Amino acid sequence: MISDKRRPGRRRRLGTIAATVAITGAVSLTAAACAGNGGTGASGGGNTLKLTTWVNPPAVAVLKQINAEFEKANPGTSVTLNTAANVNGPYQTLLQQSVNSGSADIVTANTPLLPLPKKLNNTNATPIQLWETNGQFADLSGQSFTKDYTSSALSAQTYQGKVYGLTSGEYQEGVFYNKAIFSKYHLSVPTTYSQFLSVCKTLKSHGVQPLYTALGQVGSPYTQFLYYEAMTDLWYPKAPGGNLANAIMNDQVKWTDPAFVKGMSEEKQIAQYLEPNYTGINWQTMAGGPFAAGKAAMELDGSWDLPSIQKANPKLQAGYFPVPFSSSASANQAYAQNDLTFYVLKNAKNKSLAMKWLQFFSTPKIYAQYVNATGISSAQKSGTFTGYASQVMGKWFGKGVNQTTLYPALSPSNGYYDQQANWADLQLEVMQGKMSPQQAAATYQKDWKG
């Protein structure tokens with residue numbers, strides 16, 4: 001997408017929710033109201049449903065379309081869509097205000113509930129974790145539409161046996177490549193780390209920019225397109241119980257693990273093939289940049305941007321593969337993360353209408369419309385999806401190691417480099433040769449509190 005998540009939020013969960021949190025039976029966060037597109041006035045009940053989300057162009061466009069269809073199917077009702085830019089910036093203020101004041105019926109977020117801290121409290125948990133575990137959201141468990149969703153999608157938002165959020169799908173990250181350029185230079189899709197470096201080297205020798213990404217105005221979090229994949233391929237397969245996130249949270253493994261260090265070493269090698277000014281190029285231009293224009297052979301990105309890439313160049317023949325960090329092809333998997341999740345406020349003025357909207361959204365025709373338009377992969381048990389993303393992703397569409405089992409939810413109380421806002425800084429330091437992988441690993445472990 002050009003999602004303001006770039007994921008950091010381009011979607012992604014990169015970035016912290018800056019807020020002062022206090023638990024007094026319910027969660028109270030102090031934050032100024034943030035005016036979004038459409039305003040954020042108090043919900044008036046009646047037949048008006050208020051929905052709050054961040055500006056991800058494809059998602060906003062299709063939600064507006066779905067809202068219009070909902071209104072048509074339910075005469076006399078209206079849906080107001082309130083938005084704010086950047087899921088990790090202004091939107092967090094709007095989200096906090098919406099929850100605090102009850103000025104919305106449905107709110108959305110992309111920060112995970114799991115894994116929870118070992119001892120959950122108001123200093124080591126994210127606002128979503130606090131809201132969800134302290135009764136701010138309505139229980140969706142008894143709603144009929146939940147039967148349409150996979151057990152993994154539901155369990156991702158389950159606390160003490162109750163489902164408090166509806167995960168709309170997940171996005172994959174990795175490499176999008178130009179099939180025409182690969183064909184011109186007789187290149188095959190790499191399945192191992194050495195093959196990937198060989199492809200990059202060949203392209204560079206022909207004067208073709210091998211890899212493109214953009215960190216400008218978003219910073220180090222966009223290195224996630226590498227570090228998540230490195231952890232997926234090299235560290236995750238060795239995790240106790242098949243869950244690296246829990247193993248890290250429970251101190252069963254350490255950040256100084258050789259597999260994590262090796263991943264950072266390989267990230268540094270890959271970085272030499274990135275656009276020379278990748279840290280200065282505005283991330284908002286990424287989807288319509290050199291890759292879409294056919295001037296870069298590959299782009300490190302997330303599938304949320306595929307609709308915007310297609311819009312920029314409808315004729316582009318693109319393909320996808322996960323960044324391979326392992327020398328064993330079978331160990332190289334896609335990385336995926338749950339994205340846009342719907343929450344109904346427990347004290348929503350139009351709770352029944354909110355449930356009716358989620359029921360409408362979950363119907364096969366409407367849900368397929370959403371998946372095809374956004375590039376997200378399905379969280380439902382069945383369905384046929386024909387969108388651009390499913391075509392580009394091919395066999396990888398809807399597959400990947402999920403973030404909830406890969407990466408711990410970093411809290412504001414951790415040491416400086418184990419706070420979500422700062423964690424990726426060390427990844428960039430290593431990629432730029434300003435710190436060794438061993439030094440970075442030792443710093444992570446020093447700051448880790450679990």
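This is a walk through one protein chain, from its sheet to its pockets and a few backbone oddities. Keep in mind that the model is predicted.

Let's start with the sheet. Five strands make up an open sheet in the order S4-S3-S5-S14-S8, and the pairing is mixed. At the edges sit strand S4 (78–84) and strand S8 (166–167), each of which pairs on one side only. Strands in a sheet pair through backbone hydrogen bonds, in either a parallel or an antiparallel sense. Both senses turn up here. At one end, S3 and S4 run parallel and share 7 bridges, with Thr 48 opposite Ser 78 in S4. At the other end, S8 meets strand S14 (residues 341–344) in the antiparallel sense over 2 bridges, and Leu 166 has Phe 342 in S14 as its bridge partner.

S4 may be an edge strand, but that doesn't leave it out in the open. Of its 7 residues, 5 are buried, so the rest of the structure largely encloses S4. One element to look at here is helix H1 (residues 57–73), which lies across strand S3 (48–54), S4 and S14. H1 runs at about 165 degrees to S4.

Now pick out helix H11 (351–362) and find Ala 354, which lies in it. Is Ala 354 buried or exposed? Its relative accessible area is 0%, so Ala 354 counts as buried. Leaving aside residues up to four places away in sequence, Ala 354 touches Leu 49, Asp 105, Ile 106 and Val 344. Three of the sheet strands come into view with these contacts: Leu 49 falls within the range of S3 (48–54), Ile 106 within that of S5 (106–109), and Val 344 within that of S14 (341–344). Asp 105 also makes a good long-range check: Ala 354 and Asp 105 are 249 residues apart along the chain, yet their C-alpha atoms are separated by 6.3 Å.

Next along the chain comes helix H12 (residues 364–374), where the buried residues are Ile 366, Tyr 367, Ala 368, Gln 369, Tyr 370, Val 371 and Thr 374. What do they pack against? Their partners are H1, S9, helix H10 (306–312), H11 and strand S15 (377–378). So H1 shows up twice in this tour, lying across sheet strands and packing against buried residues of H12. Just after H12, Gly 375 takes a positive phi of about 85 degrees.

S9 leads on to another strand pairing. S9 and S12 run antiparallel, joined by 4 bridges, and Tyr 177 stands opposite Gly 319 in S12. Strand S12 (residues 318–321) sends Ala 318 and Tyr 320 one way and Gly 319 and Phe 321 the other, and all of them are buried.

On to the empty space. The largest pocket holds about 240 Å³. Its lining has 18 residues, with Ser 152, Ala 153, Glu 170, Asn 338 and Asn 402 nearest the centre. Helix H4 (151–155) and strand S9 (169–178) each supply at least two lining residues, and H4 gives the most, with 3. By type, the lining splits into 5 nonpolar, 12 polar and 1 charged.

How much space lies in the second largest cavity? About 70 Å³. Among the residues lining this cavity are Asn 110, Pro 112, Gln 157, Asp 339 and Thr 404. Asn 338 and Asn 402 line this cavity as well, and both are among the residues nearest the centre of the largest pocket. The cavity lining divides into 3 nonpolar, 8 polar and 1 charged.

Finally, a few backbone spots to check before you set anything up. Leu 114 and Pro 115 are joined by a cis peptide bond, with omega at about -5 degrees. Pro 115 is in the loop between strand S5 (106–109) and helix H3 (127–133). Two residues that are not glycines have positive phi: Gln 160, at about 50 degrees, and Gln 217, at about 70 degrees. Gln 160 belongs to the loop between strand S6 (158–159) and strand S7 (162–163), while Gln 217 belongs to the loop between strand S10 (209–212) and helix H7 (224–235). With relative accessible areas of 68% for Gln 160 and 67% for Gln 217, both count as exposed, since the cut-off is over 50%.

Terms used:
Residues are numbered from 1 along each chain as its sequence is written. This is a predicted model: local features need pLDDT of at least 70, side-chain atom pairs count only at pLDDT 80 or more; totals for chains, interfaces and linings use all residues. Side-chain values use heavy atoms; hydrogens and water are left out. Two strands pair if DSSP finds at least two bridges between them. Contact means heavy atoms within 4.5 Å. Axes are lines fitted to C-alpha atoms, for helices over the stretch in contact, and angles run from 0 to 180 degrees between N-to-C directions. On a 1 Å grid over the protein atoms alone, a cavity is a set of points where a 1.4 Å probe fits but cannot get out, and a pocket is an open set with protein on both sides within 12 Å along at least five of seven lines; lining residues have an atom within 4 Å of a point. Grid points are joined across faces, edges and corners, and a volume is the space filled by probe spheres set on the points. Ala, Val, Leu, Ile, Met, Phe, Trp, Tyr, Cys and Pro count as nonpolar, Asp, Glu, Lys and Arg as charged, and the others, Gly among them, as polar. Buried means under 20% relative accessible area, exposed over 50%, partly exposed in between (1.4 Å probe, protein chains only).
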